[in-house]
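Please look at the structure below and read the explanation alongside it. The text goes through one region after another.

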Amino acid sequence: MAVSRLPAAALSLKQFLQRQKVLGLYRDLLRNIRKIPQESDRRYLRDWAREEFKRNKSETDQDVVRMMVTQAQNHLEDLRKSLALAGC
């Protein structure tokens with residue numbers, strides 16, 4: 001039997017794509033947070049986002065991850081709407 005050259009902890013394609021989606025969402029959230037004019041609010045939201053993503057980094061249940069992605073997308077959309085209303 002041939003030995004696989006992939007590391008034992010290699011991600012499946014589905015896991016890889018989900019990881020890319022999560023990382024993209026994280027980047028989008030941080031980019032939008034940078035648009036907030038007030039430094040204290042910007043710092044608070046940046047710390048909140050970092051902590052949330054860090055806290056859930058080890059989650060492996062696909063359904064739970066999908067639910068968290070949906071929640072993060074909702075937060076991002078709310079942030080975008082608030083920034084648009086504020087004219088930022």
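The paragraphs that follow cover the pocket, the core, the aromatic pair and some single residues.

The model shown here is predicted. A helpful place to begin is the largest pocket, which holds about 780 Å³ of space. Its lining is made of 26 residues, and those closest to the centre of the pocket are Val 22, Phe 53, Asn 56, Lys 57 and Val 65. Three helices each supply at least two residues of this lining: α1, which runs over 13–33, α2, over 39–55, and α3, over 62–86. The largest share comes from α1, with 8 residues. Sorted by class, the lining of the largest pocket contains 13 nonpolar residues, 8 polar residues and 5 charged residues.

One of the residues closest to the pocket centre, Lys 57, is located in the loop between α2 and α3. Is Lys 57 buried or exposed? Its relative accessible area is 71%, and because values over 50% count as exposed, Lys 57 is exposed. Along the chain, Lys 57 and Pro 37 are 20 residues apart, and in space their C-alpha atoms are separated by 29 Å.

Next comes the nonpolar core. The largest such core has 13 residues, and the ones with the most contacts inside it are Leu 25, Leu 29, Ile 33, Ile 36, Ala 49 and Leu 79. Both α1 and α3 supply at least two residues of this core. Which helix gives the most to this core? It is α3, with 7 residues.

Leu 25, one of the core residues with the most contacts, can be followed further. With neighbours within four places in sequence left aside, Leu 25 is in contact with Val 69, Ala 72, Gln 73 and Leu 76. Gln 73 can then be viewed from its own side. Gln 73 belongs to helix α3 and is partly exposed, at 35% relative accessibility. If neighbours within four places in sequence are again left aside, the contacts of Gln 73 are with Lys 21 and Leu 25. There is also a C-alpha distance for Gln 73 and Leu 29: the two are 44 residues apart in sequence and 8.7 Å apart in space.

The aromatic rings can be taken next. How many aromatic pairs does the structure hold? It holds 1 aromatic pair. The partners are Tyr 26 and Phe 53, whose ring centres are 4.8 Å apart and whose planes are at 55°, so the pair is tilted. The reasoning uses two cut-offs: planes under 30 degrees apart count as stacked and those over 60 as edge-to-face, so the rest count as tilted. Tyr 26 is in helix α1 and Phe 53 is in helix α2, so the pair ties together parts that are 27 residues apart in sequence. Tyr 26 is partly exposed, with a relative accessible area of 21%. Phe 53 is partly exposed too, with a relative accessible area of 22%. Phe 53 has already appeared above, among the residues closest to the centre of the largest pocket.

Helix α2 also holds three charged residues to look at in turn. Arg 42 is in helix α2. Its relative accessible area is 18%, and because buried means under 20%, Arg 42 counts as buried. Apart from neighbours within four places in sequence, Arg 42 is in contact with Ile 33, Arg 34, Ile 36 and Pro 37. Among these contacts, Ile 33 and Ile 36 have been named before, as core residues with the most contacts.

Arg 43 is likewise in helix α2, but Arg 43 is partly exposed, with a relative accessible area of 40%. Its C-alpha atom is separated by 8.6 Å from that of Ile 33, and the two residues are 10 residues apart along the chain.

The last residue to visit is Glu 52, again in helix α2. At 24% relative accessibility, Glu 52 is partly exposed. Glu 52 and Met 68 are 16 residues apart in sequence, and from C-alpha to C-alpha they are 9.8 Å apart in space.

Notes:
Residues are numbered from 1 along each chain as its sequence is written. This is a predicted model: local features need pLDDT of at least 70, side-chain atom pairs count only at pLDDT 80 or more; totals for chains, interfaces and linings use all residues. Side-chain values use heavy atoms; hydrogens and water are left out. On a 1 Å grid over the protein atoms alone, a cavity is a set of points where a 1.4 Å probe fits but cannot get out, and a pocket is an open set with protein on both sides within 12 Å along at least five of seven lines; lining residues have an atom within 4 Å of a point. Grid points are joined across faces, edges and corners, and a volume is the space filled by probe spheres set on the points. Helices (H or I, at least four residues) and strands (E, at least two) are DSSP runs, numbered from the N terminus. Ala, Val, Leu, Ile, Met, Phe, Trp, Tyr, Cys and Pro count as nonpolar, Asp, Glu, Lys and Arg as charged, and the others, Gly among them, as polar. A nonpolar core is a set of buried Ala, Val, Leu, Ile, Met, Phe, Trp, Tyr and Cys residues joined through side-chain atoms within 4.5 Å. Buried means under 20% relative accessible area, exposed over 50%, partly exposed in between (1.4 Å probe, protein chains only). Contact means heavy atoms within 4.5 Å. Rings of Phe, Tyr and Trp (its six-membered ring) pair if their centres lie within 6.5 Å; planes under 30 degrees apart count as stacked, over 60 as edge-to-face and the rest as tilted.
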